[in-house]
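Biologist: I would like to learn how to read this structure step by step. Where should we begin?

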Amino acid sequence: MSDDSLLDKFDIALLDALQKNADATHQQLGEAVHLSPSQVSRRITRLHASGIIRRTVALLDPAKIGLGVRAISYVTLLRHGDDEGAAFEREMATFPEVLECFAVTGESDYILQIMAASLNDLSESVLRRLTRIKGVGSIRSNIVLQSIKSSTELPLAQLRRG
């Protein structure tokens, strides 16, 4: 593979294996993708250096550590000029409870995924603070009752077809 931006079948298989178990040893990964541990090591180093692998994390179970409330909130700004969007986006960095913030098209300007210990924490600590951000016009929130599917794995099988 000459171009670092291209992924070959071994890279895709390695990324798939890492998504399933980032704790696997290079030996285990090599057996899974049919490469030697040294080849696995070199590829992982290259994938990190290129930014394809951004970082390796531990995925925690929110309910087991006391974060039992998940909300999806839709934020609409009053105006779309005068730096309101940039100011809102800067503020999002100060909210550890906001796991994801997406700028979107449609009825809302932003969609947030928020985790909190309780409904009271969600209301008092997060939503009340959100409403105080300059330029925020409205916030609608839905409380997640049950998670049907939650994954961090990207659909790499689509890359194999290309």
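Modeller: We begin with a definition: helices are DSSP runs of H or I with at least four residues, strands are runs of E with at least two, and both are numbered from the N terminus. Keep in mind that this is a predicted model.

Biologist: In which helix is the place of Lys20?

Modeller: Helix α1 covers residues 9-20. Lys20 has its place in helix α1.

Biologist: Is Lys20 buried or exposed?

Modeller: Exposed means over 50% relative accessible area. Lys20 has a relative accessible area of 53%, so Lys20 is exposed.

Biologist: How far apart are the C-alpha atoms of Lys20 and Thr152?

Modeller: Along the chain, Lys20 and Thr152 are 132 residues apart. In space, their C-alpha atoms are separated by 9.3 Å.

Biologist: How are α1 and α3 oriented to each other?

Modeller: Helix α1 and α3 pack with their axes 11 Å apart, at an angle of about 85°. Angles of 65 to 115 degrees count as roughly perpendicular. Therefore α1 to α3 is roughly perpendicular.

Biologist: How many charged residues are in the contact of α1 with α3?

Modeller: From α1 come Phe10, Asp11, Leu14, Leu15 and Leu18. From α3 come Val40, Arg43, Ile44, Arg46 and Leu47. The residues of this contact divide into seven nonpolar, no polar and, as charged, three.

Biologist: Now α2 and α3. How are they oriented to each other?

Modeller: Helix α2 spans residues 26-33 and helix α3 spans residues 37-49. Their axes come within 8 Å and cross at roughly 100°. Therefore α2 and α3 are roughly perpendicular.

Biologist: How many polar residues are in the contact of α2 with α3?

Modeller: On the α2 side are His26, Gln27, Leu29, Gly30 and Val33. On the α3 side are Pro37, Val40, Ser41 and Ile44. The residues divide into five nonpolar, no charged and, as polar, four.

Biologist: Which residue in the loop between α2 and α3 has a positive phi although it is not a glycine?

Modeller: The phi in question is about 65°. The residue is exposed, with a relative accessible area of 66%. It is found in the loop between α2 and α3, and it is His34.

Biologist: The structure holds one aromatic pair. Is the pair of Phe88 and Tyr110 stacked or tilted?

Modeller: The ring centres of Phe88 and Tyr110 are 4.6 Å apart. Planes under 30 degrees apart count as stacked, and over 60 as edge-to-face. The planes here are at 35°, so the pair is tilted.

Biologist: In which strand is Tyr110?

Modeller: The pair links distant parts of the chain, 22 residues apart. Phe88 is in helix α4, residues 84-92. Tyr110 is in strand β3.

Biologist: What is the relative accessible area of Tyr110?

Modeller: Buried means under 20%. Phe88 counts as buried at 0% relative accessibility. Tyr110 is buried too, with a relative accessible area of 5%.

Biologist: Which residue has its charged end over the ring of Phe95?

Modeller: A charge can sit over a ring if it is within 6 Å of the ring centre. Arg140 lies over the face of Tyr74, at 4.8 Å from the ring centre. Over the ring of Phe95, 3.8 Å from its centre, sits the charged end of Arg129.

Biologist: How far apart in space are Ser150 and Phe95?

Modeller: Ser150 has its place in the loop between β4 and α6. In sequence, Ser150 and Phe95 are 55 residues apart. In space, C-alpha to C-alpha, they are apart by 22 Å.

Notes
Residues are numbered from 1 along each chain as its sequence is written. This is a predicted model: local features need pLDDT of at least 70, side-chain atom pairs count only at pLDDT 80 or more; totals for chains, interfaces and linings use all residues. Side-chain values use heavy atoms; hydrogens and water are left out. Axes are lines fitted to C-alpha atoms, for helices over the stretch in contact, and angles run from 0 to 180 degrees between N-to-C directions. Angles under 35 degrees count as roughly parallel, over 145 as roughly antiparallel, 65 to 115 as roughly perpendicular and the rest as oblique. Contact means heavy atoms within 4.5 Å. Ala, Val, Leu, Ile, Met, Phe, Trp, Tyr, Cys and Pro count as nonpolar, Asp, Glu, Lys and Arg as charged, and the others, Gly among them, as polar. Rings of Phe, Tyr and Trp (its six-membered ring) pair if their centres lie within 6.5 Å; planes under 30 degrees apart count as stacked, over 60 as edge-to-face and the rest as tilted. Buried means under 20% relative accessible area, exposed over 50%, partly exposed in between (1.4 Å probe, protein chains only). A charge sits over a ring if NZ of Lys or CZ of Arg is within 6 Å of the ring centre and within 35 degrees of the ring normal.
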